[in-house]
Amino acid sequence: MSPKDLKAALRKECLALRDAMPAEVRIEASLTMADHAGDIIALDPGHIVSGFWPIRSEVDIRPLMVRLRDRGARLCLPVIMDKKTIVFRELLDGVAVVETGFGTTGPGAEAPELDPDIMLVPLSAFDSVGHRIGYGAGYYDRAIDRLRNKGHMPRLIGIAFDCQEVASVPAEPHDVALDAILTESGFRHF
């Protein structure tokens, strides 16, 4: 099986496991993650953190984002610009969020674009060394590459439920590994 086919199979399997979690279990796990996020929350005021509004059965990190904002972080959300590009727009109090494609929600065009220092990355599957499988469109890999080409090296923290961990993710040259993962079991550095 090719790496692409293996990733597709792992993605399908892990998303099915995530989808099978009862809503109340996902909510409790999401709240527990905010309690385990001490390393993220301890950042200095002014750091720029990209989060995301949950789609489908994703972890709901909005409680974590509130804690980050209360600690002085500047928050931003990904916005899909076209079939290959996402940018990160600042999430400000009182500014409406709008549908931005691929089922996502983010700030509108009036919000400033930011380069995140920390990226909270949604994913389909991950392994114990920090390799991840996204949703297959490559938006985050390209965004991270674009930031690094500008000399900006964001810290990459995967966000997932424990059921999304697999024994091994086939890493390809274009894949970007995570620095850490946050699940309902805790925060792990790679």
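Here are five short exercises on the structure above, each with a worked solution.

Before you start, know that this is a predicted model, in which local features need pLDDT of at least 70, side-chain atom pairs count only at pLDDT 80 or more, and totals for chains, interfaces and linings use all residues. Residues are numbered from 1 along each chain as its sequence is written, and side-chain values use heavy atoms, with hydrogens and water left out.

**Exercise 1. The whole protein**

Task: Find how many helices and strands the protein has, and describe its overall size.

Solution:
- Step 1: Start with the secondary structure, which comes to five helices and eleven strands. Helices (H or I, at least four residues) and strands (E, at least two) are DSSP runs, numbered from the N terminus.
- Step 2: The radius of gyration is 16 Å, close to the 16 Å that the globule rule gives for 190 residues, so the protein is as compact as a globular protein of that length. This radius is taken over C-alpha atoms, and the rule is 2.2 Å times the number of residues to the power 0.38.
- Step 3: Along the principal axes, the C-alpha atoms fill a box of roughly 45 × 35 × 30 Å.
- Step 4: Buried residues make up 47% of the 190 residues. Buried means under 20% relative accessible area, exposed over 50%, and partly exposed in between (1.4 Å probe, protein chains only).
- Step 5: Check the confidence too: pLDDT, the predictor's confidence in each residue from 0 to 100, averages 93 in the protein, and 100% of the residues score at least 70. The mean is lowest in α3, at 80, and highest in strand β7 (residues 125-126), at 98.

**Exercise 2. Two helices and their neighbours**

Task: Work out which residues of α4 (62-70) are buried, and which elements the buried residues of α5 pack against.

Solution:
- Step 1: In α4, pick out Leu-64, Met-65 and Leu-68, which are buried. Seen down the helix axis, the buried residues of α4 fall within an arc of 100°, so they line one face of the helix. The arc is that of the directions from the helix axis to the C-beta atoms.
- Step 2: These buried residues pack against α2 (23-35), α3 (38-41), β1, β2, β6 and β10. Contact here means heavy atoms within 4.5 Å.
- Step 3: Turn to α5 (residues 139-149), where Tyr-139, Tyr-140, Asp-141, Ala-143, Ile-144 and Leu-147 are buried.
- Step 4: The buried residues of α5 pack against β2 (74-80), β3 (86-90), β6 (118-122), β8 (132-133) and β9 (155-159).

**Exercise 3. Following β10**

Task: Which strands pair with β10 (180-183), and in which sense, parallel or antiparallel?

Solution:
- Step 1: Recall that two strands pair if DSSP finds at least two bridges between them.
- Step 2: β9 and β10 run parallel and are joined by three bridges; Ile-159 has Leu-182 as its bridge partner.
- Step 3: β10 also pairs with β11 (residues 186-189), in the antiparallel sense and over four bridges. Here Leu-182 stands opposite Phe-187, and the two strands form a hairpin with two residues between them.
- Step 4: Now look at the faces of β10: Ala-180 and Leu-182 on one side, and Ile-181 and Thr-183 on the other, are all buried.

**Exercise 4. Two buried loop residues**

Task: Are Gln-164 and Gly-134 buried or exposed?

Solution:
- Step 1: Gln-164 sits in the loop between β9 and β10. It counts as buried because its relative accessibility is 1%.
- Step 2: Leaving aside residues up to four places away in sequence, Gln-164 touches Cys-14, Arg-18, Leu-123, Ser-124, Ala-125 and Phe-126.
- Step 3: Gly-134 lies in the loop between β8 and α5. Its relative accessibility is 18%, so Gly-134 counts as buried too.
- Step 4: With the sequence neighbours up to four places away left out, Gly-134 touches Arg-11, Leu-123 and Ser-124.

**Exercise 5. Positive phi**

Task: Where is Arg-56 found, and what is the sign of its phi?

Solution:
- Step 1: Keep in mind that most residues other than glycine have a negative phi.
- Step 2: Arg-56 is in the loop between β1 (48-50) and α4, and its phi is positive, near 50°.
- Step 3: Arg-56 is exposed, with a relative accessible area of 56%.
- Step 4: For another case, go to the hairpin of β4 and β5, where Phe-102 takes a positive phi near 60°.
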